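Here are a few short exercises to help you find your way around a new structure. Try each task before you read the solution under it.

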Amino acid sequence: MNELSLFNSLFDNACFGLPELYGRQTGFIPKVDVKETKDAYILDMDMPGKTENDVDISLKDSVLTISSLTDSKEEKKAEKAEDKTDWLLHERHFATFSRSFTLPKDIDAEEISAGVMNGVLTVTIPRKPAPAAKKIEIKKIA
């Protein structure tokens, strides 16, 4: 059976992963859909507000890792003390995530492609065709 494995699936909802704290999520874990066709595996990941420059995708030893670091724009320091900004609530300053998937052996690593559109990252992982059965000749042993 060919399936993508989630490294962090055990931690997504665990209390030692990224817990709910006082009713607010303390981290960002994008949701993923993975489908299998005869020619490829297709991974769709929600990435609201992110562009292709905000996401890193790497492949090493059959493990595909998708990660992102978002930092709010650095506040310019006020030149005068009276121009200083006093935050009443500041929640949008930093978000990071990393998700890893163990890929099956039938993938074509050289042809993996990715694109982002309307807040959804799509990674297409082509499959290699299954090798045909080989007929083995039986020889008479003298």
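Two strands pair if DSSP finds at least two bridges between them. Strands (E, at least two residues) and helices (H or I, at least four) are DSSP runs, numbered from the N terminus.

A bit of housekeeping: this is a predicted model, where local features need pLDDT of at least 70 and side-chain atom pairs count only at pLDDT 80 or more, while totals for chains, interfaces and linings use all residues. Residues are numbered from 1 along each chain as its sequence is written, and side-chain values use heavy atoms, with hydrogens and water left out.

**Exercise 1. Count the helices and strands in the protein chain.**

Solution. Step one: look for helices, and you get 0. Step two: count the strands, and you reach 10. Read from the N terminus, the order is β-β-β-β-β-β-β-β-β-β.

**Exercise 2. Work out which strands pair with S10, and in what sense.**

Solution. Start with strand S5 (residues 40–46), which pairs with strand S10 (residues 120–126) over 7 bridges, antiparallel. Here methionine 45 has leucine 121 of S10 as its bridge partner. Next, take strand S9 (residues 113–117): 5 bridges join S9 to S10, and these two run antiparallel. Glycine 115 sits opposite threonine 122 in S10. Finally, check the turn: the hairpin of S9 and S10 has 2 residues between its strands, and asparagine 118 there takes a positive phi near 55°.

**Exercise 3. Decide whether phenylalanine 101 and serine 100 are buried or exposed.**

Solution. First, the cut-offs: buried means under 20% relative accessible area, exposed over 50%, and partly exposed in between (1.4 Å probe, protein chains only). Now place the residues: phenylalanine 101 lies in strand S8 (residues 94–102), and serine 100 is in S8 too. Phenylalanine 101 has a relative accessible area of 1%, so it counts as buried. Serine 100 comes in at 14%, so it is buried as well. For the whole picture, 22% of the 142 residues in the protein chain count as buried.

**Exercise 4. Find what links threonine 65 to serine 100 and how far its C-alpha atom is from that of phenylalanine 101.**

Solution. Begin with the side chains: serine 100 and threonine 65 share a polar contact of 3.1 Å. (A polar contact is a pair of N or O atoms within 3.5 Å; within protein, one must be able to donate a hydrogen and the other to accept it, and residues adjacent in sequence count only if both atoms are side-chain atoms.) Then go to the backbone: the C-alpha atoms of phenylalanine 101 and threonine 65 are 6.4 Å apart, although 36 residues separate them along the chain.
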